[in-house]
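Reader: I'd like to go through this one with you and ask how each label is earned. Could you put it up first?

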Amino acid sequence: MLSQDTVDAPLDSGEISLKLQWAVSIIAILLLCSCSRSASHSGSNSPSVSKAHGVVVVCIDALREDHVTSDLMPNLSDLEESASFRRAYSNAPWTIPSIASIFTGTYPSYHGLNVEGHLVALQGLEIRTDILTIAEMLAQQGFTTAAFVTHGPLDLKLGFSRGFKIYEEIERVDGHDIVQISERVREFLKHAQQPFFLYLHTFEAHLPDTSGSYQGDLRYLDQELARLFALVKEHAETLIVFSDHGEDISRPERRHGFDLTDDLLHVPLLIGGTGIVPALVNQPVQLVDLKPTIADRVGLDKLSVGPGQGRSLLPFVRGETVPPVPIIAEAPLQGPGWLRTAWMDFALVLRPDNQSRDHWCWKEPKGPKREFIR
Ligand SMILES: [Zn+2]
């Protein structure tokens with residue numbers, strides 16, 4: 001389990017200024033590298049769009065990566081024919097900026113929903129209209145697009161429904177939504193014409209508990225996922241499962257959104273489907289990579305994808321050697337200006353105020369988990 005240092009002596013403002021200048025310079029260089037590599041991978045496989053392709057993407061909100069185990073979630077952990085990314089990171093520690101990053105393939109400071117505080121600060125905002133979302137990108141290519149999402153965070157007004165022909169917010173019943181979502185999927189797939197894109201978002205792992213514990217909720221969810229996956233596999237060529245962020249379960253009132261730690265950023269990511277060989281990928285990747293990955297999978301060229309900071313993950317799936325890129329996270333609920341950049345085995349967290357804990361780095365790994373040092 002990742003642990004953080006407690007509060008220590010604060011850095012003075014001059015020291016912070018120098019560190020910020022240094023960090024911003026390094027990050028700018030790394031981002032340029034990231035963008036050029038993204039362009040070189042995107043659309044590298046197929047020159048034209050697949051005319052018969054079903055893509056299903058499932059987000060399990062607030063699912064910790066270390067809880068996807070054969071004991072707790074056997075159906076998810078054993079998802080057949082999948083590439084499992086063991087070091088996947090969300091680009092924000094709470095739902096709205098994270099999903100906007102996924103939909104647009106851009107970091108929170110780009111997509112327009114990197115705000116201070118809670119939902120009230122989002123009033124009047126929406127995902128930048130000059131950036132194509134995944135659904136818009138695929139709709140332009142003739143895909144039928146549909147989303148069934150739990151009612152709440154992915155509000156229509158914020159722009160999450162853009163590009164979807166069908167966008168339905170599902171009301172939870174006694175705290176549950178996965179059965180209702182699966183019913184909608186069954187109906188959709190009965191009539192779906194390929195190509196299609198289906199996005200699903202469940203709150204079964206999110207607070208509040210419905211079975212008395214986080215683990216209990218995951219066990220229930222996993223049973224229902226088995227039914228959903230069986231249904232999807234009959235109709236789709238690509239199935240992607242991930243979580244938008246982790247969860248701090250160290251406190252009774254568990255939560256997310258308030259920091260840039262592995263507890264909140266390390267997420268499960270599985271990519272499966274026709275022709276994909278089961279594999280474990282240990283190199284760090286990030287959720288902004290999903291948009292270019294889907295584009296690559298269905299054969300879109302990079303002009304159809306548009307600008308972004310992600311890169312296709314299919315070279316990892318094929319076992320190719322892929323250069324590392326910086327893994328970026330920002331947008332905790334404390335406000336804009338927080339930023340974490342990770343490069344291989346090192347991470348740096350910067351915060352804009354003049355308090356302690358604004359500068360962390362990873363030391364060399366000691367097994368699968370890491371610790372912060374100052
Ligand atoms: Zn979430």
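Reader: Over which residues does pLDDT stay under 50, and how many contacts beyond four places in sequence does the model have there?

Author: That would be residues 1-48, with 74 such contacts in the model. Here pLDDT is the predictor's confidence in each residue, from 0 to 100, and two residues are in contact if their C-beta atoms, placed from the backbone, lie within 7 Å. Residues 363-374 are also below 50, and that stretch has 20 contacts beyond near neighbours in sequence. Where pLDDT is low, the predicted coordinates should not be read in detail.

Reader: What ground rules go with the model?

Author: It's a predicted model, so local features need pLDDT of at least 70 and side-chain atom pairs count only at pLDDT 80 or more, while totals for chains, interfaces and linings use all residues. Numbering starts from 1 along each chain as its sequence is written.

Reader: How does confidence look in the chain, and where is it lowest and highest?

Author: The average pLDDT is 82, and 79% of the residues score at least 70. Helix H1 (residues 13-41) is lowest, at a mean of 39, and strand E5 (residues 196-202) is highest, at 98. Those names come from DSSP runs, numbered from the N terminus: helices are H or I with at least four residues, strands are E with at least two.

Reader: Why is Leu154 called buried?

Author: Count the neighbours: Leu154 has 24 other C-beta atoms within 10 Å. A residue is buried at 20 or more, exposed at 12 or fewer, and partly exposed in between, with C-beta atoms placed from the backbone. So 24 makes Leu154 buried. Leu154 sits in the loop between strand E3 (144-150) and strand E4 (166-170), and touches Ile99, Val149, Phe160 and His201, leaving out residues up to four places away in sequence.

Reader: And what makes Val115 partly exposed?

Author: Val115 has 19 C-beta neighbours inside 10 Å, which falls between the two cut-offs, so Val115 counts as partly exposed. You'll find Val115 in the loop between H4 and H5. The C-alpha atoms of Val115 and Pro332 are 8.7 Å apart, with their places 217 residues apart along the chain.

Reader: How do you know that helix H3 is mostly covered?

Author: Ten of the ten residues of H3 (residues 95-104) are buried. They pack against helix H4 (108-111), helix H5 (134-140) and helix H9 (290-297). Just after H3, Gly105 takes a positive phi of about 70°.

Reader: What makes E5 mostly covered, and which residues point which way?

Author: Seven of its seven residues are buried. Phe196, Leu198, Leu200 and Thr202 point one way from E5, while Phe197, Tyr199 and His201 point the other.

Reader: How do you know that E3 and E5 pair?

Author: Pairing takes at least two bridges found by DSSP. E3 and E5 have six, in the parallel sense, so they pair. Val149 stands opposite His201 there. Strand E1 (residues 54-60) also runs parallel to E5, joined by seven bridges, with Val56 opposite Leu198.

Reader: Why do E10 and E12 stand at the edges of their sheet?

Author: The open sheet has three strands in the order E10-E11-E12, paired antiparallel. Strand E10 (327-330) and strand E12 (346-350) each have a single partner strand, so one side of each has no neighbour in the sheet. E10 pairs with strand E11 (residues 339-343) over four bridges, and Ile327 stands opposite Ala342.
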